[in-house]
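Student: I have a model open and a list of terms I keep hearing. Can we test each term against the values?

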Amino acid sequence: MRSNILFVHCHDLGRFLGCYGVPTVHTPNLDRLATESAVFDLAFSAAPHCSPARAALFTGTYPQSNGVLGLTHSPFNWDLNDPSIHLAQRLHSVGYRTELIGVHHESRTLPDAEVARRLGFDRVRTDHYHLTVADRAIESLQASARSGEPFYLQVGFHEPHRSPSDRDRPGVMGFLGPDIQPDTTLGLSVPAFLRDDPGAHEEIAELQGAVRRLDDGVGRILNALDATGLREDTIVVFTTDHGLALPRAKCTLYDPGLEVALMIRAPARPSWQGARIGTQVSHLDVMPTLFELIDHPVDGVSGSSLAGLVEGRDPTARPVFGQLTHHIYYDPRRSVRTPEFKLIANFSNAPQAMDPTQSWVHRSTPVALAGPTLGSSAPLELYDLAADPAETTNLAGDPAHDDTVRSLARLLLEWMRREDDPLLTPTSFSPRHQQTLELLNSAVAQGKESHVKRRLFVAATAVVATALSLTGCTSGDDASSDAGKVVLWMYPVIKDPTASKKFWQDATEGFEKDHPGTELEIQLQTFDKRDAQISAALAAGSGPDLVLITPDQAATYLKVGGLLPVDDAVSKSREQFYPSALSAARFSDKTYGVPIFQNIFTTAYNTKVFTDAGIALPRTWSEILTAAPVLARRGVAVMDYVGNPEQTLNMSFYPLVWQAGGRIFSQDGKDVAFDSPEGVAALQFLVDLKKAGGLPADAATEGVAIEGSPMAAGKVGLRQLTSLPEVGQLRAALGKQNVVLGAPIAGKAPATYGSPGLLALTSINKSKNRAAAYQVLEYLSSAAFQKSLIGAAGNFPVRKDVRLDKSTPDLTAMQTALATANPGEPSPVSRQVMTILAPHVQAALRGDVSPEDALKKAAAEARTALQQS
């Protein structure tokens, strides 16, 4: 039988343990584990902050590849691109029973059951209290001993993360969580990168107490492993996510930010016991190591097994790469470390070191602090790790080290290209970002003058590396600031990439022919991480004049000052627009987006299931509820529902609230309203429908895709939100004669979702080319252009003077739906409120809580988010 795996990890520890040379911290249990394990003295995480570091650890891939470039909890909400690459999913697929207890922070924060489903765990029980975590881990080990199945148990401790406490001084968040006391019983060890002063003594005493509490919990679990007789059959891994939460450590790419404790006890490999490995290694090496230890191949990872290193078969030291992109703000940095040198590339003008203390008042300060404040980071930093282990003397500008910079820059750029690093995408350049890339490329080019090409038309399918083509000298000013030139970011409105590229090229030529003297540059983007891309451009002040966004995005970007009003661009044609389309981007009596098309959804019916059952097509809630038990007896659900909390609620729950006569937000946008009687009625309708067999069995987790859906399989009677392209998919699956479109479903009144695409004027646009931007807006929102766009994209008009061809029943149904289409309720916190509300709707659908209680709890959380915003 394969070995079991017990994987214990914690927050913010670095290498602050007795077994790593800290004599004053009380860690007898982890010190004992070290004597029984292979201990890696130079292990580093892939990122110096929580979620990206854990995502890399548990997938064996870098954040640029796995998608977790920032924190996964609300309001940040980063997530794995593909949850199936998680270690648990891989082990589950080869027969392991899998469980997560305690901290989960490597994928989007969702209810435990949903985390389990996505990542491949049989059970997930998250909690931050160390006694609960240890108790549950012991219980799981005891159950595993009885079952005899191979298991993977992932246990995460919160300690020694900073935690709020009523014992903190005002303005301070220290380490005094529940049951934690400052610990100086063995003395104090102030890390070398901090000044040894009274403030540091106070902080380190608390840190030592938190680490002591962590060690107690780990010791209890290891003792239980022995007591259950599982020790000899279980591989034990202990590590942390990154460095200590102290100034110039966590959230930096210096060694104190990336260094981690790493020990692996492998009972079946006697040579591992007590081994100390001084070669630098990466967290990405842990997953392939575990798969070699259980004698199973693994692919799709960026690291390498450490078994050969421990056993003397492969002593080669490989470069270690680090990255920081988003933590509490955008601060993009990349690094490469060899045993001798480290090169750090800083792509923004952020301070030299992000503050990880979560405090207004700082008790400890770094030795490297020069003067009363932190300056901006240099574009490149080079450190001689042998002569300057504290990384305080930047050698990047020293001609004597040009060869070293060149060699490391080549390694760093090759890695960034290999990982499709988003920092290589030219549309996100700020002046600093451009400067840093040029310095890296110049170093590789052995000093030859090189500059990033300024004008690039980037097709949606372009490979990132091709965007780094180099050319001769250019101005340092952003291209969008040129008078008479307008840069527009367009997204895949037209699905076919070739057709899209041709359409927008023709649009550019048509505009420039009608407006001589004004240059239009349309850059085709992809939807992948659109929010992050636009936010980065707005923060840097470098990017497009115009950008295609949704109403929700308009509210969000307006709140941070990222958009400018466009009333002057629509003043001549305002009366020609459907009111709902213009109102979707209207805030404080100003318009912040010009609609150019609209996506409309309405009800699609599988007529065969209703005909076979002798039922007329249901048009209202009451008719749907009446039909539900009749169809359920025939093994068919009357209505499809997209309950997956990752999907927008505009396509699932919100239309039901509108049909009930309710709203999501109050009229003034200062409060939520989904917990009103109308909101409760909408959720009660769903729950009653589920109880009557009227929804698919997996409605609580179902996604939006037609392919593979119960509707496409003939197991559902109607889908309340369907687009024209989706109708084609349903007809391909069910037969053309069996699928028809109808009016939107009605509760108190009919309602559906219709989202306009908005061209927004960004704050990047300069006054000297404002008139040119207005010309583009007027041209692309004109009746003639909208008609051509609708023909190419299959969307619907936002102007009353653009008429649809009413010769087909489908177009007639969509035209009818236009009248009751709701563009959503834009708010700066709309995405955050969806994230809060979705799991509670899901819980009510599962029967875990009543509709009223689910919405009441969600509303309380949402109101907190509104207050904080």
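Student: What makes arginine 719 and glutamate 726 a salt bridge?

Tutor: First, remember that this is a predicted model. Now the test: a side-chain nitrogen of Lys or Arg must lie within 4 Å of a carboxyl oxygen of Asp or Glu. The side chains of arginine 719 and glutamate 726 meet at 3.9 Å, N to O. That is within 4 Å, so the pair counts as a salt bridge.

Student: Why is arginine 719 called buried?

Tutor: Buried means under 20% relative accessible area. Arginine 719 has 3% relative accessibility, so it counts as buried. Glutamate 726 has 13%, so it is buried by the same cut-off.

Student: Which residue is the bridge partner of arginine 719 in the strand pairing?

Tutor: Alanine 604 is the bridge partner of arginine 719, which belongs to strand E27.

Student: How do you know that E25 and E27 pair?

Tutor: Two strands pair if at least two bridges are found between them. E25 (residues 602-606) and E27 (residues 716-722) have 3 bridges, in the antiparallel sense. The test is met, so they pair. E25 also pairs with strand E28 (residues 739-742), over 4 bridges, again antiparallel. There, tyrosine 605 stands opposite valine 740.

Student: What makes E25 mostly covered?

Tutor: Count its residues: 5 of 5 are buried.

Student: Why are E8 and E11 called edge strands?

Tutor: Start with the sheet. Its 3 strands run in the order E8-E3-E11, the sheet is open, and the pairing is mixed. Strand E8 (259-260) and strand E11 (281-282) each have a single partner strand, so one side of each has no neighbour in the sheet.

Student: How many bridges join E3 to E11?

Tutor: There are 2 bridges between strand E3 (residues 43-44) and E11, and the two run parallel. At least two are needed, so they pair. In this pairing, phenylalanine 44 stands opposite serine 282.

Student: How many disulfides are there?

Tutor: The count is 0. Take cysteine 50: the nearest cysteine sulfur, that of cysteine 251, is 7.4 Å away. The cut-off is within 2.5 Å, so cysteine 50 and cysteine 251 form no disulfide. From the other side, cysteine 251 has the sulfur of cysteine 50 as its nearest, also at 7.4 Å.

Student: Are those cysteines buried or exposed?

Tutor: Buried. Cysteine 50 has 3% relative accessibility. Cysteine 251 has a relative accessible area of 1%. Each value is under 20%, so each residue is buried.

Student: How many salt bridges does the structure hold?

Tutor: It holds 45. One of them joins lysine 250 to aspartate 12, with the closest N and O atoms 3.2 Å apart. These residues are 238 residues apart in the chain. Lysine 250 sits in the loop between strand E7 and helix H8, and aspartate 12 in the loop between strand E1 and helix H1. Lysine 250 and aspartate 12 are both buried.

Student: What makes arginine 231 partly exposed, while glutamate 232 is exposed?

Tutor: Exposed is over 50%, and partly exposed lies between 20% and 50%. Arginine 231 has 25%, so it is partly exposed. Glutamate 232 has 55%, so it is exposed. These two form a salt bridge as well, at 3.6 Å.

Student: How do you know that the length of helix H7 agrees with its residue count?

Tutor: H7 covers residues 198-227, which is 30 residues. At 1.5 Å a residue, it should span 44 Å. Its end C-alpha atoms are 44 Å apart, so the two values agree. After H7 comes glycine 229, with a positive phi near 80°.

Student: Why is threonine 234 called buried?

Tutor: Threonine 234 is in strand E7. Its relative accessible area is 0%, which is under 20%, so it is buried. Among its contacts beyond four places in sequence are Asn4, Phe151 and Pro267.

Student: What makes the link from threonine 234 to asparagine 4 a polar contact?

Tutor: The limit is within 3.5 Å. Their side chains are joined at 3.3 Å, so the distance passes.

Technical notes: Residues are numbered from 1 along each chain as its sequence is written. This is a predicted model: local features need pLDDT of at least 70, side-chain atom pairs count only at pLDDT 80 or more; totals for chains, interfaces and linings use all residues. Side-chain values use heavy atoms; hydrogens and water are left out. Buried means under 20% relative accessible area, exposed over 50%, partly exposed in between (1.4 Å probe, protein chains only). The expected span of a helix is 1.5 Å times one less than its number of residues. Contact means heavy atoms within 4.5 Å. A polar contact is a pair of N or O atoms within 3.5 Å; within protein, one must be able to donate a hydrogen and the other to accept it, and residues adjacent in sequence count only if both atoms are side-chain atoms.
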